[in-house]
Amino acid sequence: MTDRPYHFAAIVGGAIAGSVAAEIFADRGIQAVVIEQNERPYGKIEDGLPRWHSEQREQEYLRIDARLRKPGVFFLPCTKLGRDLDFQDLYNNWGFSVVVLANGAWRDRQLGIPQAEEFIGKGFVYQNPFINWYNRKNQAGYAGPRYQAPDEALVVGGGLASIDVVKVLQLENYERVLRSRGVQTDVYELEKKGVPAVCKMHGIAPEDLDVKGCLLIYRRREQDMPLAQPPENATPEQIAKTEAIRQKMLRLAQEKYLFRFQDRRVPTGLLIDDGRLVGLKLAETKVEGRKAEAVAGSEYQQRAPLVISSIGSVPEEIPGVAMKGEYYDFDDEALPRYVASDHVFGVGNVVTGRGNIRASLLHSQEVTTKIIENYIGVTDGGSAFARFYAGAEANRAAQAHAVRDRVQVMPGLSYLEIAALERRIRILQERVGYTGNYDSWIARVRPAVTASQNFAPESMHQSLSSSAFHCGACR
Ligand SMILES: Cc1cc2nc3c(=O)[nH]c(=O)nc-3n(C[C@H](O)[C@H](O)[C@H](O)COP(=O)(O)OP(=O)(O)OC[C@H]3O[C@@H](n4cnc5c(N)ncnc54)[C@H](O)[C@@H]3O)c2cc1C
């Protein structure tokens, strides 16, 4: 018996869920490689949270860094599952004990109107590319699609992310107009203090600024908006309280950012002019429980210079990964096992679809712990075979039996098998210029932020962008 780890996990995606899984595996003596498509492992923290969340982003970056630099964690950046690695090859042939999908939800749910997709970039945009553009548009090397943030845009949504989309539009428009009047402000001040407060500081009435504001539409009632969630098995009083919180959140956001809102509206068609989308046909809805159906004869036209769809994100399709509707085919949310393999699991947003940092973190903690204890069979801080049985003894007899069965199905890896996996990973790391040291890699792809830059977020953003190094393998 050796002290070498007996197991090796492959984790796809390095952000909240992936880094949490890697840390838990490493803490239990199980080696883990984190396969990340981008140079940096920050996922939606970098490309989802709008850039005014600069402090929160910085804290989450540091937490992710701390998890990924742990001994026993291998980081493999600029390597995309489905492009650089084949999914079935990864779980069938590489020899990993488990494969954990932590690749989040990066595909916008489709608007649901036939032909809408034809107008992407022509008056129509989805939330994920729009926020990505917004966060990166001032970066020196930004080469992605460019969008406008015109006044009177129409946003289809209702969740927290759609409130952020609305804020982007309002902040961009008020900043532009205030600056044109000689007022030195920026999105950070406007976001923090709110538009009316900044206007007041400069003796201006917001209604004199000729900003009409974007319009957010939601298909159900305003109190149904998923801005806050009731506890599980909530009482009628708890549900009523949650509904009141949602209404209050909406009202506060409207007071601060001055956008327009209309509930019980659903898009039913496109308004097209000269090859561009110039608005949507909308209908009123009748809401009964979760159902929101268009009311016959209530349709009208809502023109807008830009339509943004922000109705949720789902996992990207990856060649070889079986789908169940919009999600990968996992059998259960509590211990989501991929149906076609007994050693592929999912953690975080890729399973839950809940766009929330804490939800991804907790889900990854719970599922990874279950994978280790119920599937791999290691109960705490160890790696040797003996610990399988030590763990099993601590459980009820039936569980112990199940663990022993698993051990027969998935024995620990030999020293040679572990060494072979390490070698293959090193070759892939070298391919993208990663030398094996997480901190020096991050220093190359993410220049340090100084304290003074923290007080000048626009320049901080410029500096974050000016990473001189690009591996060339990823975008
Ligand atoms: C506009 C917006 C605002 C938000 N605001 C908040 C907020 O205020 N508070 C909050 O709690 N949450 C917020 N969220 C949600 C939150 O950021 C996410 O839910 C959470 O960070 C998801 O973490 P995750 O690790 O599950 O997934 P992700 O962060 O999506 O991580 C997945 C990782 O997998 C990588 N990956 C994807 N595909 C592949 C592949 N094929 N191969 C290799 N790697 C891959 C990605 O690059 C990424 O690093 C917001 C989201 C959006 C879009």
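Two strands count as paired here if DSSP finds at least two bridges between them. With that in hand, here are my notes on this predicted model.

1. I would begin with the antiparallel strands around β11. Strand β11 covers residues 276–288, and its pairing with strand β10, residues 265–273, runs antiparallel over 8 bridges. Asp273 has Arg276 of β11 as its bridge partner. The two strands make a hairpin with 2 residues between them, and one residue of the turn, Asp274, has a positive phi of about 55 degrees. That turn is a good place to start looking.

2. Strand β11 also has an antiparallel neighbour in β13, residues 300–303, to which 4 bridges join it. To find this pairing on screen, look for Leu282, which stands opposite Tyr300 of β13.

3. What joins β11 to β12? The link consists of 4 bridges, and the strands run antiparallel, with β12 spanning residues 291–294. Here Glu288 has Lys291 in β12 as its bridge partner. This is again a hairpin, β11 and β12 having 2 residues between them, and Gly289 in the turn shows a positive phi of about 60 degrees. As general background for these points, strands of a sheet pair through backbone hydrogen bonds, either parallel or antiparallel.

4. Next comes a parallel sheet. In this open sheet, 5 strands follow one another in the order β3-β2-β1-β4-β18. Its edges are β3 (73–76) and β18 (344–346), each of which pairs on one side only. From one strand to the next, the twist averages 20 degrees. Within the sheet, β1 (residues 8–12) and β4 (residues 98–101) are parallel partners over 4 bridges, and Ala9 stands opposite Val98 of β4. Helix α14, made of residues 415–431, packs on this sheet and touches β1, β2 (31–35) and β3. The direction of α14 makes about 35 degrees with that of β3.

5. Another open sheet has 5 strands with parallel pairing, and reads β6-β14-β7-β8-β9. The edge positions belong to β6 (124–126) and β9 (260–262), each pairing on one side only. Neighbouring strands are turned by 20 degrees against each other on average, with direction ignored. Towards the β9 edge, β8 (residues 215–217) pairs with β9 in the parallel sense over 3 bridges, and Leu215 of β8 stands opposite Arg260 in β9. Which strands does helix α6 touch? This helix, residues 160–180, packs on the sheet against β7 (154–156), β8 and β14 (307–309). Its direction makes about 170 degrees with that of β7.

6. Now the ligand. It is surrounded by 34 residues, and the closest are Glu36, Trp106, Asn356, Ile357 and Ser360. By class, this shell holds 14 nonpolar, 15 polar and 5 charged residues. Both backbone and side-chain atoms of the protein are worth checking here, as the next point sets out.

7. For polar contacts to the ligand, let me go through some distances. A backbone N or O atom of Lys44 lies 2.8 Å from one of the ligand's oxygen atoms. At Leu81, a polar backbone atom is 2.9 Å from a nitrogen atom of the ligand. Ser360 uses its side chain: an N or O atom there is 2.6 Å from a ligand oxygen atom. How much of the ligand's accessible area does the protein cover? Of the 1000 Å² that the ligand has on its own, 93% is covered.

8. Finally, the elements behind that shell. Those giving two or more residues to it are α1 (16–27), α2 (43–47), α6 and α11 (357–376). The largest share, 3 residues, comes from α2. Note that α6 appears twice in these notes: it packs on the sheet that holds β7, and it also belongs to the elements that contribute to the ligand shell. If you are choosing a view, α6 is a nice helix to keep on display.

Technical notes
Residues numbered from 1 in each chain as written. Predicted model: local features only at pLDDT ≥ 70, side-chain atom pairs only at ≥ 80, totals over all residues. Heavy atoms only, no water. Axes fitted to C-alpha atoms, helices over the stretch in contact; angles between N-to-C directions. Contact = heavy atoms within 4.5 Å. Near = heavy atom within 4 Å. Polar contact = N/O pair within 3.5 Å; in protein donor to acceptor, adjacent residues only side chain to side chain. Areas by Shrake-Rupley, 256 points an atom, 1.4 Å probe, with all protein chains shown as cover. Nonpolar A, V, L, I, M, F, W, Y, C, P; charged D, E, K, R; others polar.
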